[in-house]
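Okay, thanks for making time, everyone. I'll put the structure up and then talk you through it.

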Amino acid sequence: MEAHDAAVESVAAQVKSFYERQKPFRIYHGSTNSTRTSQRRADNTIDTSRLNHILSVDVTTMKALVEPNVPMDSLVNATLEHGLIPPVVMEFPGITAGGGFSGTSGESSSFRYGAFDATFDSIEIVLPDGTIARASKTESSDLFWGAASAFGTLGVVTLLEIRLRPAKRHVQLRYELSSGAEDSVQKMREQCDTEANDFVDAIVFDMKTTLVCTGRLVNDVPDGQKVRRFTRRSDPWFYIRAREVQGILKKGGAKDTEEAVVDYIPLVDYLFRYDRGGFWVGKYSFAYFLVPFNRVTRFLLDRFMHTRVMYRAVHKSGLADYYMVQDVGVPFSRTAEFQAWLDETFGIYPLWLCPLRLRREDPDSGHGLHSEFSKPDTPDLMNFGVWGPLKGTRRQVVDMNRALERKVQKLSGKKWLYAHAYYTEEEFWAHYDGASYKALRDKYKATHLPSVYDKVKVDVDAEEARRGQDWETRARAALGHVWPLRGLKGFWGAARGGEYLMDKRRKGGTEQKAGSRSAGEEEADRSVGSSRVDL
């Protein structure tokens, strides 16, 4: 705690200096899973990247104290030593605790436990005037809930108290096919309502084929049952296994629970099952470079197919500007309508489905961007992960993303803000609780800082103006669109960011204890691994 307190005092002094000059600042956390580029510079940034330690895991209270830049894999490894895990674990190992709190993260256990921010009891935060404060569900609750999903615009979160739950060694994962959107919703509702289930999500392969995946924590594997893994180079991507199961079930015409396919997966392999290949978007890199997509090429290129490395490639290449990379949630009752619209408008497959329970049970939780989650009639949402390439110019891609935003808003849904946002300012504040958020900004002296909208908006006019400044800039931009130069730039960035993976494998893949991660691994996290934006 002494080292932590000293680091926080240093951050607070820097924040106070900015406040006295009424100068806005950005927060460098060390990494990002955002698809947007950063605007940080040396003279406008506070570096919190060293706040990356787990300070305690208490078996009695089943809580952990963690600094904001602790990634999910370190957190899981540390808590598993005590037979515990966080209730919600984001699917990419580099996503940080602070990133999940500040950015509305959810996963396949969120149908029961809510978003990641709902699993915390308290936070330590440096307010915009440099004051070090504590906020919880019972103390300064407006600040606690307002800071969730505020992307650092109400202060700098420096410590989080997270609840834990008992862990088991494996996940029993049961797969079943549904025949369409309505059938998928019905099956997923049934699974969410079954008390014994711990995890529920699904992969949509086409309008008539969805693979529903339901998991339960178990210790024992039945005799004769093969344990399946997904984290090693020789393992299949989870997406590949899901596609294989889909084919088995479709060929057999399985409809009964007795005919469902069941896998037994080590817990860590399940929690990070989507890391290799980034769900399935890694396959697009094979297509881009005209490389066959098969077991051999996936094995040979495995070092580049982990999300810590893939996100570095995305940032370096700029190819995300021509992809749909969005997570949005719509009420269960509008799921079929939205899926049909996605099919007709974009035809992007696969899609990821994940049911989210976002109602906040705490009586004083109606603060911040998502204040409506405190209402008792807040509907459960079905999250859609829509990730794939789009055809057209940059302007046309923007128009397609704006169409998605308008449709989600029309269906009373929510768009999560880790990715590109194209709203006008008026549209944005009509979609999120601007009045509550701005009241908190006034109360906690944050009005000199950029707002959430300032952080997430994409200004295409400004992009084009920057590109048109001089002939050298225009020439560089033009070359960047020549195949395969952009991809090679991203590949080179990924190669540099992936060196720590090779080092780790040479050492036999030994897991690091909390607070003792290698310098190479920390550098990779600083490059690409968190769910936060660079604020």
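I'll start with the sheet, stay on one strand for a bit, and then go to the aromatic rings.

Quick reminder that this is a predicted model. So, the sheet: it's an open one with 8 strands, paired antiparallel, and the order reads 13-10-12-11-15-16-14-17. The edges are strand 13, residues 261–266, and strand 17, residues 414–415, and each of those pairs on one side only.

Let's look at strand 15, residues 351–356. With strand 11, residues 199–206, strand 15 pairs antiparallel over 3 bridges. If you want to find the register, Val 204 has Leu 351 as its bridge partner, and Ala 202 has Leu 353. Strand 15 is also joined to strand 16, again antiparallel, by 5 bridges. There, Pro 355 stands opposite Met 382 of strand 16.

So how many residues of strand 15 are buried? It's 6 of 6. In a regular strand, side chains alternate between the two faces of the sheet. Here Leu 351, Leu 353 and Pro 355 point one way, while Trp 352, Cys 354 and Leu 356 point the other way, and all of them are buried.

Now the helices. Helix 7, residues 238–252, lies across strands 10, 11, 12 and 13, at about 50° to strand 10. Helix 12, residues 335–345, packs on the sheet too, touching strands 11, 14, 15 and 16, and its direction makes about 10° with that of strand 16.

On to the rings. The count comes to 35 aromatic pairs. Take Trp 237 and Phe 286: they're edge-to-face, 6.4 Å centre to centre with 65° between the planes. Where do those two sit in the chain? Trp 237 is in the loop between strand 12 and helix 7, and Phe 286 is in helix 9, so to speak a link between distant parts of the chain, 49 residues apart. Both rings belong to buried residues.

Compare that with Phe 428 and Tyr 432. Their centres are 4.7 Å apart and their planes are at 35°, so that pair counts as tilted. Phe 428 and Tyr 432 are both buried as well.

There's also a cluster linked by ring pairs, including Phe 92, Tyr 175, Phe 238, Trp 280 and Trp 387. Trp 352, from our strand 15, is in that cluster too.

Last bit, charges over rings. Arg 21 lies over the face of Phe 18, 5.0 Å from the ring centre, and Arg 233 does likewise over Phe 299, at 5.1 Å. That's what I've got, thanks.

Conventions: Residues numbered from 1 in each chain as written. Predicted model: local features only at pLDDT ≥ 70, side-chain atom pairs only at ≥ 80, totals over all residues. Heavy atoms only, no water. Pairing = 2+ DSSP bridges. Helix = DSSP H or I, 4+ residues; strand = E, 2+ residues; numbered from the N terminus. Contact = heavy atoms within 4.5 Å. Axes fitted to C-alpha atoms, helices over the stretch in contact; angles between N-to-C directions. Phe/Tyr/Trp six-rings, centres within 6.5 Å; stacked < 30°, edge-to-face > 60°. Buried < 20%, exposed > 50% of the residue type's maximum accessible area, 1.4 Å probe, protein only. Lys NZ or Arg CZ within 6 Å of the ring centre and 35° of its normal.
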